[in-house]
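Work through the exercises below with the coordinates open, and compare each step with the solution that follows it.

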Amino acid sequence: MSARFDHADHVNTVAAHASAAASSPVAASWRRCLTLHGLTPEEARVPWRLTESEFHHARTRSSVLIEEARGEIDRLFATVGKAGCCLLLTDENGIALERRGAAGDDRDFRGVGLWSGTVWSEASVGTNGIGTALADERPVLILRDQHFLSQNTGLSCTTAPIRDHTGRIAAAIDISTCRDDANDMTMSILSQAVRDAAARIEAGLFRRAFSTARILLVPAESRTAPALLAVDRDDLVLGATRAARQMLGLDDRRIATGIAASDLLHEDRAEEGRDLDDAERAALRRVLTRAGGNVSQAADLLGISRATLYRKMKKLSIN
């Protein structure tokens with residue numbers, strides 16, 4: 001089969017599927033490429049490339065993301081790098097901020113534009129792992145001829161989006177390969193690895209955003225994305241990951257209004273008076289512990305008399 005025939009066949013396939021009702025995420029992406037972005041499968045184009053100053057600005061704007069993700073990217077590359085894979089971390093616009101690749105594979109990846117400072121949005125290069133994952137806001141696996149541009153049909157890639165502490169898309173992490181022997185099973189395994197890495201980065205970003213809060217894990221079954229709540233000292237929810245928002249029916253307005261984590265999680269609560277006693281008992285025990293059990297010193301720390309502290313201890317059954 002000649003390259004010319006392969007090329008024409010791919011163009012016809014894209015046209016046939018994209019013109020029909022979108023029956024799959026790939027077909028829907030092809031249609032966006034044709035109608036929204038005005039691309040054609042046969043055109044020769046490389047990803048948009050940022051100038052040095054634009055790239056510097058993009059990295060500076062995403063400095064927290066890069067710092068949080070760097071260790072995870074290094075660990076993932078240590079696992080898949082020798083198998084002829086390239087890793088990219090992009091921002092929400094598909095700009096490649098960080099790249100990992102083996103020197104022996106650099107020529108192939110540079111040739112298709114899998115390099116720092118390039119833009120892998122759908123508008124730039126059509127259907128691809130990064131651009132389509134960002135457009136659909138979900139993990140995707142794009143194999144060879146599922147790419148929109150004929151020139152990219154030698155690539156296979158798997159990508160997972162990363163959300164910030166408010167649940168909005170902030171980045172994407174991608175594994176791509178040019179190897180001909182990259183089969184469905186291999187790419188499915190890589191797909192799980194990239195989703196797991198994205199989940200860990202997302203959890204790290206959330207904990208970093210609420211570094212002074214208590215972080216609660218919301219019980220969930222069969223969820224890759226972290227379902228986390230950030231809670232203040234009064235049990236009020238300060239933030240929630242997207243998975244937690246979906247599970248608990250939370251949004252920015254409800255969080256801003258104020259809601260107790262125990263109410264969201266349907267925890268059994270004692271009577272209000274008992275709650276206050278428990279809170280006061282816990283506070284007094286902490287102060288007594290800091291004072292090494294010395295009641296006089298604890299009373300001074302609390303700004304009350306020794307006699308008052310003894311009365312409170314007797315009332316709350318503190319020995």
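Two strands (DSSP runs of E, at least two residues, numbered from the N terminus, as helices are from runs of H or I of at least four residues) pair if DSSP finds at least two bridges between them. The model is predicted, so that local features need pLDDT of at least 70 and side-chain atom pairs count only at pLDDT 80 or more, while totals for chains, interfaces and linings use all residues. Residues are numbered from 1 along each chain as its sequence is written, and side-chain values use heavy atoms, with hydrogens and water left out.

**Exercise 1.** Determine the strand order of the open sheet that contains β8, β9 and β10, and state which helix packs on the sheet.

Solution. Begin with leucine 217, which stands opposite leucine 228 in β9. Next, count the bridges between β8 and β9 (residues 228-231): there are four, and the two strands run antiparallel. The open sheet then has three strands in the order β8-β9-β10, with antiparallel pairing. Its edge strands, each pairing on one side only, are β8 (214-217) and β10 (237-240). From one strand to the next the twist averages 25°, where axes are lines fitted to C-alpha atoms, for helices over the stretch in contact, and angles run from 0 to 180 degrees between N-to-C directions. Finally, α8 packs on the sheet and touches β8, β9 and β10, contact being heavy atoms within 4.5 Å; the direction of α8 makes about 10° with that of β9.

**Exercise 2.** Describe the second largest pocket and explain where it lies with respect to domain 1 and domain 2.

Solution. On a 1 Å grid over the protein atoms alone, a pocket is an open set of points with protein on both sides within 12 Å along at least five of seven lines, a cavity is a set where a 1.4 Å probe fits but cannot get out, and lining residues have an atom within 4 Å of a point. Grid points are joined across faces, edges and corners, and a volume is the space filled by probe spheres set on the points. The second largest pocket has a volume of about 300 Å³. Its lining has 16 residues, with Pro139, Pro161, Arg163, Glu202 and Ala225 nearest its centre. Of the elements, α8 gives the most to this lining, with four residues. Because domain 1 (43-207) and domain 2 (212-265), whose bounds come from an automatic or database domain assignment, both give residues to the lining, the pocket lies between them.
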